[in-house]
Amino acid sequence: MRNAAFTSPARARASFSPIALLTGLVATLGVAYVGLIAVVMAYAAVTVQFSQSVRSDEAQVAVLEGQYLSAIAGINSTDYAAAGYAKPIAEVYVPGARATALR
Amino acid sequence: MRAVFRLRVRVVLAVVLAVATLIVGRLYFVQVAQGAEYSRKAEQQFAAAGQSGLFDRGSIYFTTKNGIHVSAATLAAGYLVAINPRLLAAPTAAYDAISAVATTTLSKSAFLTAAANKNLVYVEVAHGLSSAAGQSLAAQNITGVELLPERWRWYPGASLATKTIGVVGYGSGSTLIGQSGLEEEYDSVLERSGGDLLGNFFATLFSGAGSTLVSAQNAREGDVVTTIEPEVETRLMDDVAAMNATHSSHSSGGIIMDPKTGAIIALASYPTYNPNDLTNVNPQLLENPLVSHVYEFGSIMKPITMVSALSAGVISATSTYNDTGCFHVDGSRICNWNYHAYGVIPMKTIIMQSLNVGASWVAEQLGHARMHDYFTKVFGSKTGIDLPNEATALMSNLSKPQQIYYDTASFGEGIAVTPVQMIRAEAAIANGGTLVTPHVVSSIVLQSGQTKELSWPSGPRVFTPQATRETASMMDGLFSQVLYNGKYNIPGIPVAMKTGTAQLPTPTGTYYNNRFFDDEVVFFPSNNPRFVILLYTEDPKNAIYGTDTITPPMIDLIHFLINYYNITPTEAGTTTP
């Protein structure tokens with residue numbers, strides 16, 4: 001009778017059911033899957049938000065670039081005579097200094 | 001035992017009933033008590049879903065002389081306005097509020113008709129609201145009026161280089177694609193095939209993984225960087241427009257190019273249009289005549305004839321001939337522009353005085369086969385410029401046996417080429433004889449952040465270096481001595497020039513006596529050219545010769561480029577600005 005109450009190591013190992021093991025594995029994978037979906041969805045949302053933010057910033061820069069190009073056009077089309085400036089009567093050309101002259 | 005079982009059944013039943021009661025109660029609060037609030041939240045979620053489908057496309061940039069990129073085509077961000085007729089209580093007030101801030105909207109009658117249709121829940125009524133205008137409208141909190149984020153194609157420079165930059169349109173599909181210019185040529189680079197990460201999670205997940213591994217999309221999509229300098233482009237465009245207006249011309253155009261690399265610094269044609277407002281724009285204006293139209297350029301062809309004969313060795317720079325002012329060939333009479341007989345003169349006088357008789361003499365020395373060979377090398381194929389719809393030259397006259405066709409071709413009549421082909425040919429004289437590939441794009445900035453430099457290989461050498469130097473020297477003489485008696489000569493900066501005037505062809509194949517095509521080409525400093533400029537104006541009304549119509553804007557451009565790029569002269573001197 002004493003021997004019947006004794007649990008040998010071999011019996012203890014046999015109590016690890018493969019079904020329980022697989023169930024645990026499936027549960028772990030399920031949780032990991034849901035977690036990954038959550039992470040990817042969050043990443044996607046942040047990416048979209050960031051992308052739109054960049055585009056919005058670029059659009060604001062483009063507005064400034066439009067002002068720059070308008071300013072160039074305005075300068076080019078300015079009638080300096082009407083603004084009171086006289087056209088120079090001569091333009092003097094001076095030869096450029098050679099690079100070696102600076103040494 | 002039975003009593004225990006009965007008790008357990010009753011407990012379970014009570015729990016089920018309690019849960020059912022809770023659910024019914026919750027449904028009552030959701031659908032009835034708080035129905036309006038949840039309905040509003042649902043509409044907001046609809047708007048949020050719309051955000052992820054915003055229009056996206058790469059940018060096109062100008063490049064300043066300092067290498068700074070400035071947007072030529074980009075995206076603007078703002079709002080579109082939509083109404084929900086089921087919720088819109090005061091349509092007239094809503095219309096007034098929207099039209100007060102919107103730049104485009106439905107007519108009032110169309111708006112009220114749409115608002116009265118209670119079967120509709122979403123009608124777009126205005127597009128392109130700025131952020132400020134959108135926020136102003138949103139602050140009024142009008143029930144049934146929704147503001148949704150929107151992006152659209154925008155060209156900050158408006159009509160600046162517009163025929164080169166191009167436009168986008170829907171074409172035959174529902175997606176905006178490039179319809180002309182660089183928008184069309186580089187559409188596969190500018191389009192954005194990725195996008196809605198929230199739209200289809202699994203498709204996005206796996207396609208995203210694929211693109212991460214292969215990087216095909218990242219290696220293709222990007223922004224386009226052009227060689228066009230915005231300030232030079234503005235100057236050229238203004239000069240071309242002013243020239244066209246001064247002479248009431250049918251059209252005008254110009255190109256500024258680096259003759260050594262083929263990089264186009266500016267190109268403009270008039271009339272033009274504003275790509276930000278294509279309403280009522282004639283579709284023909286979308287064409288770029290600088291690459292798609294052919295013209296008979298007249299006397300700026302003479303340097304090509306001269307350099308061909310010098311390269312072939314059939315004449316030398318010191319050769320002479322007897323200029324009789326006019327001569328007959330194949331039953332036709334060819335004369336100098338002033339009918340003057342110059343007698344025995346050297347080759348340089350043909351270029352400096354633009355003599356048709358002299359150019360014809362050179363063509364006869366060259367012979368049919370060699371002239372056909374040289375002109376085919378220069379004009380017989382497309383330049384390969386990175387713009388769509390490049391035309392091919394009309395050169396069938398050089399396959400005919402009659403001498404008159406070679407004589408007229410020698411001074412630029414009877415054969416027709418595009419402005420881009422013409423400037424490439426003149427650039428070959430400037431750079432020592434090599435045909436470069438004209439181009440307007442220098443690099444692609446990929447989505448990955450890397451820059452892909454585009455290489456534009458030079459074509460074959462078609463003229464000998466000595467022949468090009470001698471021809472350039474003749475063209476120098478025209479600018480420094482002949483043009484208004486040397487009035488515009490610039491000390492220390494030699495400018496090679498040739499003027500041209502051609503009669504316009506009639507639809508029946510003859511020529512008008514009183515309608516002309518004027519043009520000029522220059523390159524400078526001619527001893528080490530940095531710029532080659534081609535200008536033309538078609539059918540000017542109050543002038544005949546290119547010397548009169550083209551010279552003022554050409555002189556302005558030469559001085560502008562000298563000052564803007566700090567080109568230093570090799571000697572001191574004074575000139576008239």
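In this predicted model, helices H15(B) and H17(B) cross in a right-handed way. The pair packs at an angle of about 125°, and the two axes lie 8 Å apart. That angle is neither over 145 degrees nor within 65 to 115, so H15(B) counts as oblique to H17(B).

Who meets whom here? On the H15(B) side the contact is made by B:Ala359, B:Ser360, B:Val362, B:Ala363 and B:Glu364, and on the H17(B) side by B:Gln403, B:Tyr406, B:Asp407 and B:Ser410. By character, these residues comprise four nonpolar, three polar and two charged ones.

Now to a sheet in chain B. Five strands form an open, antiparallel sheet in the order S10-S9-S19-S18-S17. S10(B) and S17(B) are the edge strands; each has a single partner strand, so one side of each lacks a neighbour in the sheet. On average, neighbouring strands are turned by 10° against each other, direction ignored. Helix H18(B) packs on this sheet, where it touches S9, S18 and S19 of chain B, and its direction makes about 145° with that of S19(B).

Here are the residue ranges of the strands, for easy lookup:

| Strand | Residues |
|---|---|
| S9(B) | 251-257 |
| S10(B) | 264-270 |
| S17(B) | 496-505 |
| S18(B) | 511-524 |
| S19(B) | 531-538 |

At one edge, S17(B) is joined to S18(B) by nine bridges, and the two run antiparallel. One example is B:Thr501, whose bridge partner in S18(B) is B:Asp518.

Chain A, finally, has three helices and one strand, arranged α-α-α-β from the N terminus on. Of its 103 residues, 5% are buried.

Definitions and conventions. Residues are numbered from 1 along each chain as its sequence is written. Chains are lettered from A and ligands numbered from 1 in the order in which they are written. This is a predicted model: local features need pLDDT of at least 70, side-chain atom pairs count only at pLDDT 80 or more; totals for chains, interfaces and linings use all residues. Helices (H or I, at least four residues) and strands (E, at least two) are DSSP runs, numbered from the N terminus. A residue is buried if 20 or more other C-beta atoms lie within 10 Å of its own, exposed if 12 or fewer, and partly exposed in between; C-beta atoms are placed from the backbone. Two strands pair if DSSP finds at least two bridges between them. Axes are lines fitted to C-alpha atoms, for helices over the stretch in contact, and angles run from 0 to 180 degrees between N-to-C directions. Two residues are in contact if their C-beta atoms, placed from the backbone, lie within 7 Å. Angles under 35 degrees count as roughly parallel, over 145 as roughly antiparallel, 65 to 115 as roughly perpendicular and the rest as oblique. A crossing is left-handed if the near helix is turned anticlockwise from the far one by less than a right angle, and right-handed if clockwise. Ala, Val, Leu, Ile, Met, Phe, Trp, Tyr, Cys and Pro count as nonpolar, Asp, Glu, Lys and Arg as charged, and the others, Gly among them, as polar.
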